[in-house]
Amino acid sequence: MTQAIQIVAFLLLLALLFVAYRLWDLLGTLKKTIQGLEETRQQVTVVVERANGIVDQVDSMLHQRIEPTLQTAQEAVANVESATRTVVESATALRAVVAKAEAAAGVGQLLAAGGALAGALIQRRRQAAEKTKPEEEKRRKSKRRWLLGK
């Protein structure tokens, strides 16, 4: 039995040695992992510092360059809006003037047509008068003869 106990003890010692070796190997792997994590943390810290520097530069650029440009653009937009309103008002006034001119042109056309009509009527009266004129002259001559006794 002692020999069986010795074999079991030897196997247990071998198992303990294997577990110790595995733990030592795991400890080495953990040290390497921790070193890698530390390097990664340092790199992340550098990247974060660079990003903060970039954010500061962008913020400075926004305040120094872009903000005045935006203000100028806003003023330009306000001026364009004002000019557009003025153009709309001018266009409305021009439409009113054009409507009045069209109305006046319509009246002018009516006057021109009326003038032509009046001219035609006057000419007809003249023609009618010329046709009746010889008859009137005969009547007048006969009246004159009667008055003069001729």
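In this predicted model, Phe-10 is partly exposed, with a relative accessible area of 48%. The residue sits in helix α1, which spans residues 2-148. Phe-10 also contributes to a nonpolar patch on the surface, where it is joined by Ile-7, Leu-11, Leu-13, Leu-14 and Leu-17. Together these side chains make up a patch of about 590 Å².

Attention turns next to charged side chains. Side chains of opposite charge can pair when their charged atoms come close. Two salt bridges are counted in the model, and it is worth taking each in turn.

One of them links Arg-22 with Asp-25, and here the closest N and O atoms lie 3.7 Å apart. This pair counts as a salt bridge because the separation of 3.7 Å falls within the 4 Å cut-off. Both residues belong to helix α1, where a spacing of three residues separates them by about one helical turn. Arg-22 is partly exposed, at 46% relative accessibility, and Asp-25 is likewise partly exposed, with a relative accessible area of 33%.

The other salt bridge brings together the side chains of Glu-38 and Arg-41, with an N to O distance of 2.4 Å. Again the partners are three residues apart in helix α1, so about one helical turn lies between them. As for accessibility, Arg-41 counts as partly exposed at 46%, while Glu-38 is partly exposed with a relative accessible area of 32%.

Technical notes:
Residues are numbered from 1 along each chain as its sequence is written. This is a predicted model: local features need pLDDT of at least 70, side-chain atom pairs count only at pLDDT 80 or more; totals for chains, interfaces and linings use all residues. Side-chain values use heavy atoms; hydrogens and water are left out. Patches are made of residues with over 30% relative accessible area and no salt bridge: like charges are joined within 9 Å, nonpolar side chains (Val, Leu, Ile, Met, Phe, Trp, Tyr) within 5 Å. Accessible areas come from the Shrake-Rupley method with a 1.4 Å probe; for residues, only the protein chains shown count as cover. Helices (H or I, at least four residues) and strands (E, at least two) are DSSP runs, numbered from the N terminus. Buried means under 20% relative accessible area, exposed over 50%, partly exposed in between (1.4 Å probe, protein chains only).
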